[in-house]
Amino acid sequence: MVGIVGYGVYIPRYRIKTTDIADVWGENGEAVAQGLGVFEKSLPGPDEDVATIATEAARNAVKFGKVDAKHIGAVYVGSESHPYAVKPTGTIVASAIGCSTELTCADLEFACKAGTAGIQTCMGLVQSKMVKIGLAIGADTAQGRPGDALEYSAAAGGAAYLIGEENPVATIERTVSVTSDTPDFWRREGEDFPSHGARFTGEPAYFRHVEDCAKLLFRTTGTSVDDFDYFVFHMPNGKFPVAVGKQLDVPAEKLEDSLVVRQIGNTYSGSAMIGLARVLDVSKPGDRIFVISYGSGAGSDGFTIRVEDEILGHRGEVPTVDDYIQRKVYVSYAIYAKYKHTINM
Amino acid sequence: MAEHGVAQIWRKIPSMYNVIGNHCTTCDTFYFPPRPVCPKCRRKGHLEDHKFKGLGIVHTFSIVRQAPDDFKTQAPYVVAQVQLDEGPRLTTQIVNCEVTDVYIGMRVRVCFRKITEFGHAGLILYGFKFEPTMKVTGHPDR
Ligand SMILES: [Zn+2]
């Protein structure tokens, strides 16, 4: 059965505290942090971008999976901060991890859910026997306009999933999606920062799509909340996934382990995928995981996943999500601005 | 716009993305950068390409505080000679740690970073640097 044969994440080492950003704009940092449910966020070093983050995550996934990179037949990198407008990030990743040139590759973009769209694409290619193993990556170095609400949450990180049929560490039982034309968040070509519909981003966008996708997934699989041990929802901030969990009657303890947003912020295409990795890190064989991603524009991808015994033989080789969360150094707003190139040199 | 030097960069990509040298199977010596002939065995040598594991220690290092223009955003930074576990030494940047925390004998591992970019519209050059080894939950050594 198709599933995850390896996974890995990468989170840069630098953090800035919500209170330090708030100080610059004369806001009450403690109140902002509590309100958003984001206490600090990750940011890339001056020599890191989506290509380096995706490569590090992919190298971890290959090592975790004990997979020969030459068996990877497809590479999809989902991001909204690809380093080049034209020149696929996936080509750099595939070369750096030692793939053969006999593979198909493309970069994907669907706001924060391009990575899970990559997983679905790889599932199709694997199940139709077009490729043996597919690599789907979600990675971003998200940008918020200085002073905008997004500046508190827009973060950097990525996750890579190897999708295949041979000895998966977790099987993907089912996937469904919902998609609609909803203009809650966008960025035009050549613009450095995205625009968003402020309050419009909540109810008709995030909540409607995540809930509709969750209900569709319950319906098509004939399951309910009680059938799952863990839930993962896209995390634009710490508040939205908790609120959607409440609306779906998900007990708080089934959601808690995925909420990496509190320590690292919203890693956009990496967000739900890092949340899932955090859950896979701590889960037991037999556990079932319910995942809903969300991308502005807008759409959601849903997955039901079962953890297999196989996972036990793969742990301890690459850093876990918590290992990366704990490896950190705080920087000031001035250093943050320098690294993000918002100071032009 | 046509750019010069792209072909040279393209040829170097495999040796910039991974630490690749060679290994003489006659005398069991590893080389980085790769040698055309084994200097010990000469004609009796037999060289094979070798991808290094990317683990080693800091042999010696220097902190760069006056950086060239392209590296100003990174300054201060560390340039070190790293001794690979297989034997050879190479010169590389050490990242992901405070410059004052680097020491001789520090355990490091390879990582993938941006080396430089040729202006705002030009190519971005990627390659290996080294970073301190990090905690891996469940790993027996750490
Ligand atoms: Zn020799």
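## A walk through chains A and B

Start by selecting β2 (residues 14-17) of chain A together with β14 of chain A: the two strands run parallel and are joined by two bridges. Keep in mind as you go that this is a predicted model. To see one of the pairings up close, show A:Tyr14 and look across to its bridge partner in β14(A), A:Val329.

Now add β3 of chain A to the selection. You have an open sheet of three strands on screen, in the order β3-β2-β14, and the pairing is mixed. Which strands stand at the edges? They are β3 (40-43) and β14 (329-330) of chain A; each has a single partner strand, so one side of each has no neighbour in the sheet.

**Zoom out to the whole of chain A**

Colour chain A by secondary structure and you'll get 12 helices and 14 strands. Turn the C-alpha trace along its principal axes and it spans about 55 × 45 × 40 Å. The radius of gyration of chain A is 19 Å, which agrees with the value near 20 Å for a compact globule of 345 residues. Colour by burial next: 62% of the 345 residues in chain A are buried. Contacts tell you about the wiring of the chain: among those in chain A with a separation of 6 or more, 80% join residues 24 or more positions apart. Switch on the surface for chain A, and you're looking at about 12,700 Å² of accessible area, 50% of it from carbon and sulfur atoms.

**Backbone oddities in chain A**

Most residues other than glycine have a negative phi, and most peptide bonds are trans. The next few stops go the other way.

Select A:Asn167 in the loop between β7 (156-164) and β8 (170-182) of chain A. Although A:Asn167 is not a glycine, its phi is positive, at about 45°. Is this residue buried or exposed? A:Asn167 is exposed, with a relative accessible area of 54%.

Then jump to A:Asp249, which you'll find in the loop between α7 (239-247) and α8 (252-255) of chain A. Here too phi is positive in a residue that is not a glycine, this time about 60°. A:Asp249 is exposed, and its relative accessible area is 63%.

Next, show the backbone from A:Gly297 to A:Ala298: the peptide bond is cis, with omega near 15°. A:Ala298 belongs to strand β13 (residues 297-307) of chain A.

**Over to chain B**

There's a cis peptide bond to see here as well, from B:Ala75 to B:Pro76, with omega near -5°. B:Pro76 sits in the loop between β4 (55-64) and β5 (77-84) of chain B.

Finish at the zinc ion. Which residues hold it? Show the side chains of B:Cys24, B:Cys27, B:Cys38 and B:Cys41, whose SG atoms are its protein donors and lie 2.2 to 2.3 Å from it. Check the angles among the four donor atoms: they run from 102 to 115°, and the site is tetrahedral. For comparison, the ideal angle for four tetrahedral donors is 109.5 degrees. Along the sequence, the donor residues follow the spacing C-x2-C-x10-C-x2-C.

Now pick out two of these donors. B:Cys24 is in strand β1 (residues 20-24), while B:Cys41 is in the loop between β2 (29-31) and β3 (47-51) of chain B, so this pair ties together parts 17 residues apart in sequence. B:Cys24 and B:Cys41 are both buried.

Conventions:
Residues are numbered from 1 along each chain as its sequence is written. Chains are lettered from A and ligands numbered from 1 in the order in which they are written. This is a predicted model: local features need pLDDT of at least 70, side-chain atom pairs count only at pLDDT 80 or more; totals for chains, interfaces and linings use all residues. Side-chain values use heavy atoms; hydrogens and water are left out. Donors are N, O and S atoms within 2.8 Å of the metal (3.2 Å for Na, K and Ca); water is not among the atoms, so sites may look incomplete. Four donors count as tetrahedral if all angles lie between 85 and 135 degrees; four count as square planar and six as octahedral if opposite donors are over 155 degrees apart and all others between 65 and 115; anything else is irregular. Helices (H or I, at least four residues) and strands (E, at least two) are DSSP runs, numbered from the N terminus. Buried means under 20% relative accessible area, exposed over 50%, partly exposed in between (1.4 Å probe, protein chains only). Two strands pair if DSSP finds at least two bridges between them. The radius of gyration is taken over C-alpha atoms; the globule rule is 2.2 Å times the number of residues to the power 0.38. Contact means heavy atoms within 4.5 Å. Accessible areas come from the Shrake-Rupley method with a 1.4 Å probe; for residues, only the protein chains shown count as cover.
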